[in-house]
Amino acid sequence: QKVPGASGGALPKRRNAKLFLDLETNSDLNSDEFEYEDEAKLVLFPDHYEISLPNIEELPALVTIACDALLSAKSPYRKQEPDSWEEELQASKHAKTLVQLDNGVRIPPSGWKCSKCDLRENLWLNLTDGSVLCGKWFFDGSGGNGHAMEHYKETGYPLAVKLGTITPDGADVYSFDEEEPVLDPHIAKHLAHFGIDMLQMQVTENGLRDNDIKPRVSEWEVIQEAGVKLKPMYGPGYTGMKNLGNSCYLNAVMQAIFSIPEFQRAYVGNLPRIFDYSPLDPTQDFNTQMAKLGHGLLSGQYSKPPMKSELIEQVMKEEHKPQHNGISPRMFKAFISKGHPEFSSNRQQDAQEFFLHLINLVERNPVGSENPSDVFRFLVEERTQCCQSRKVRYTERVDYIMQLPVAMEAATNKDELIAYELKRREAEAARRPPPELVRAKIPFSACLQAFSEPSNVEDFWSSALQAKSAGVKTSRFASFPEYLVVQIKKFTFGLDWIPKKLDVSIDMPDFLDISHLRARGLQPGEEELPDIAPPIVIPDDPKALDIDESSVMQLAEMGFPLEACRKAVYYTGNLGAEVAFNWIIAHMEEPDFAEPLAIPAFGEVAASGAAALGAVGLDNQPPEEMVAIIISMGFQRNLAIQALKATNNNLERALEWIFSHPDLEEESEPALDRMDMENNANANILAETGSEGPRIKDGPGRYELFGFISHMGTSTMSGHYVCHLKKEGRWVIYNDLRVCASERPPKDLGYIYFYHRIPS
């Protein structure tokens, strides 16, 4: 409401701050059109009685203190984005005197790519010499390899314009010298020097010109179903989520998670109980934040169709007013990313990595007798065979995702791919737009076959030979989960260690039967490898300790930070990518998770290095690192400690010991139980579980597809995520705030697929 009598032109607007739990809707209260005055009121329900604040005379002291604390607390919006308030750009000091080289460079209207790598996104044109180079983490949050900055450091040429943002009204200009976005009053003249006519340039929603190189079959258009009129969906379960700046990975994963009945019951079904038992600061409680977000998505309160009168008004005025539907998950993102070096940033992230991060938090914050993450958990049986002695070892590990390799060699359109690549290179050499994209078509059966085939074990130590030997490993399902999550391993590293994405089409089935991948255990005639651990050698120079780079690369391809992968392999004694993966899951919350590996000095290694690598400590007390790894797999702390003590703190043998003692009675450790209860934010609603080992929900291996998450872009560091879910018999697309009925669900271009088990 406007406040009369205010000075300064536009009348200020008043916004009321009411003290009750509210979901952050997508209303834009930060418009520059108004000034604002804050007015706080305490509202008493159910009579809706309002008391203006401050009011020391009428309110008890405790209520006054609580109100003051609430009003003085920083909102998640200001915590998350302190620099998000737009400032007016200033003209660059270099704009007027910019020297442009007369080197004959002409920039074509399309076909741009970085002159130092193959990136075709986030490209910047240097206004001095016409170089086209990729950016890094500039003010717009896009990803790249930093070649534009490197060029500035080498040449000192200060100004660059982002290709794809040039319109008759201006363009995005960045000053490397001034380290900020700037205005270039002479931008038209500077662009004309390289043959660019601003009046002919048009920009689209994704930062690419209408006549740009994007072919009609680009994944951006196909995945978002561009060019098709989509019908908006409203009501419970059809609520969008605002993109907070490269947070589409979070939006896509949470939409999929809360489409699963077990998560709906655990958090939304238990919402009154969770709120009743929430701590004094509910912003720091995982279950409270999950319940709040789930309620926002499933209640329907934030997904209402526009009134008929509003639609008529829009048609008559030939304008479209955006509906303030959807929720803004600022508080949820602030909590769930707290302390994480990647998720706490505004950079794009890997949806698969975030999914595992979320599952880790769900595991650590039980909300009842059953943990909803149990529906994803399954056991993997790994059969390792020594190629020389032919002896075998069977082990089991816990997993939540089936990672399916892309069998590029099985592409059914190889001739078309070869012809396309030749045309693309010719067009690139002639600086012409590339031909229409031809995407590799990979049969799903070939990917499944690649998953089931034996793989070589790098640096295999045979206990039969007591020496290094060649070994092969085969993975099978020791149990089938209730919900099967399948990740297509599209992201890999090139020879230059630059992450890249395989742009492929895979005919993912609506109905999937993987019963033939059921584990069979030790077979008649097979002889087991002796239960002998490899000798642990601590070098005189600890920095000389080898790190298995193949394991590092396997983890890095999953989307984890490279330095975190190196630490995981180092601290688990090169026991393989699977063990290192569990270390990562257990340590993702640590502030130095992605910091470079700091190898301790020799004296420190002598004192504690042996324990870190699995040797026997003076008191045989298991290292906390190893205990955390086993707990992260779903086992209880008591059992983890007991197994490590029984195997002299050998992590691999401890896991085998756990699986070989399924009927073991757990020793009671009240002190440990009390510590776990105190550390749990919602300890009051914890239900005791007496089961040993990881909790699994085994059943038939037949599944039906109900959702998938797709990624657009060249790597996990950039791009956009969209989620498709099958609800009430039809597919629905969730594209941040937009929720519409899907007309052409691109099931062949997905990145993460969600299947639910078909009852037998």
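# A tour from Cys248 outward

Start by selecting Cys248, which touches Asn243, Gln348, His720, Tyr721 and Asp736, not counting residues up to four places away in sequence. Contact here means heavy atoms within 4.5 Å. What you have open is a predicted model, in which local features need pLDDT of at least 70 and side-chain atom pairs count only at pLDDT 80 or more, while totals for chains, interfaces and linings use all residues. Residues are numbered from 1 along each chain as its sequence is written, and side-chain values use heavy atoms, with hydrogens and water left out.

**Cys248 and His720**

Stay on Cys248 and show the ribbon: the residue is found in helix H6 (residues 248-257). Helices (H or I, at least four residues) and strands (E, at least two) are DSSP runs, numbered from the N terminus. Cys248 is buried, at a relative accessible area of 1%. Buried stands for under 20% relative accessible area, exposed for over 50%, and partly exposed for what lies in between (1.4 Å probe, protein chains only).

Now add His720. This residue lies in strand E23 (residues 720-727) and counts as buried at 10% relative accessibility. Leaving aside neighbours within four places in sequence, the contacts of His720 include Trp220, Gln224, Asn243, Cys248, Gln348 and Asp736. Others to display around His720 are Ser710, His711, Met712 and Asn735.

What does UniProt list for Cys248 and His720? The unreviewed entry gives them under "active site". They are spread over 473 residues of sequence but cluster in space, with a largest C-alpha distance of 6.4 Å. UniProt positions are given in the numbering used here, feature names are shortened, and annotations may be inferred rather than shown by experiment.

**The second annotated group**

Select Cys114, Cys117, Cys134 and His147, where UniProt places the feature "binding site" (unreviewed entry). These residues are spread over 34 residues of sequence yet cluster in space, the largest C-alpha distance being 8.5 Å.

Zoom in on Cys117, in the loop between helix H2 (76-80) and strand E4 (123-126). Cys117 is buried, with a relative accessible area of 10%. Apart from neighbours within four places in sequence, Cys117 is in contact with Cys134, Asn145 and His147.

Move to His147, found in helix H3 (residues 147-155). His147 is buried as well, with a relative accessible area of 11%. Again leaving aside neighbours within four places in sequence, His147 contacts Cys114, Lys116, Cys117, Leu133 and Cys134.

**Glu353**

Is Glu353 buried or exposed? Glu353 is buried, with a relative accessible area of 1%. Its place is in helix H12 (residues 351-364). Beyond its neighbours within four places in sequence, Glu353 is in contact with His340, Phe343, Gly559, Phe560, Pro561 and Met588.

Follow the contact to Gly559, which comes after H15 and has a positive phi, near 105 degrees. Then colour helix H15 (residues 549-557) itself: Ser551, Val552, Met553, Leu555 and Ala556 are buried there.

**Helices H16 and H17**

Select helix H16 (residues 562-571) and helix H17 (residues 577-587), whose axes come within 8 Å and cross at roughly 115 degrees. Axes are lines fitted to C-alpha atoms, for helices over the stretch in contact, and angles run from 0 to 180 degrees between N-to-C directions. The contact is made by Ala564, Cys565, Lys567, Ala568, Val569 and Tyr571 of H16 and by Ala580, Trp583 and Ile584 of H17. By class, the contact residues divide into 8 nonpolar, no polar and 1 charged. Ala, Val, Leu, Ile, Met, Phe, Trp, Tyr, Cys and Pro count as nonpolar, Asp, Glu, Lys and Arg as charged, and the others, Gly among them, as polar.

**An open sheet**

Next, show the 4 strands that form an open sheet in the order E10-E9-E16-E13, with antiparallel pairing. At the edges are strand E10 (392-399) and strand E13 (455-456), each pairing on one side only. Two strands pair if DSSP finds at least two bridges between them. Strand E9 (residues 378-386) and strand E16 (residues 471-477) pair in the antiparallel sense over 7 bridges. To check the register, select Glu382, which stands opposite Ser475 in E16.

**Last stop: Asp507**

Select Asp507, in the loop between strand E20 (504-506) and strand E21 (511-513). Asp507 is partly exposed, with a relative accessible area of 48%. Not counting residues up to four places away in sequence, Asp507 touches Ile442, Pro443 and Phe444. Finally add Leu749, which is 242 residues from Asp507 in sequence and 8.6 Å from it in space, C-alpha to C-alpha.
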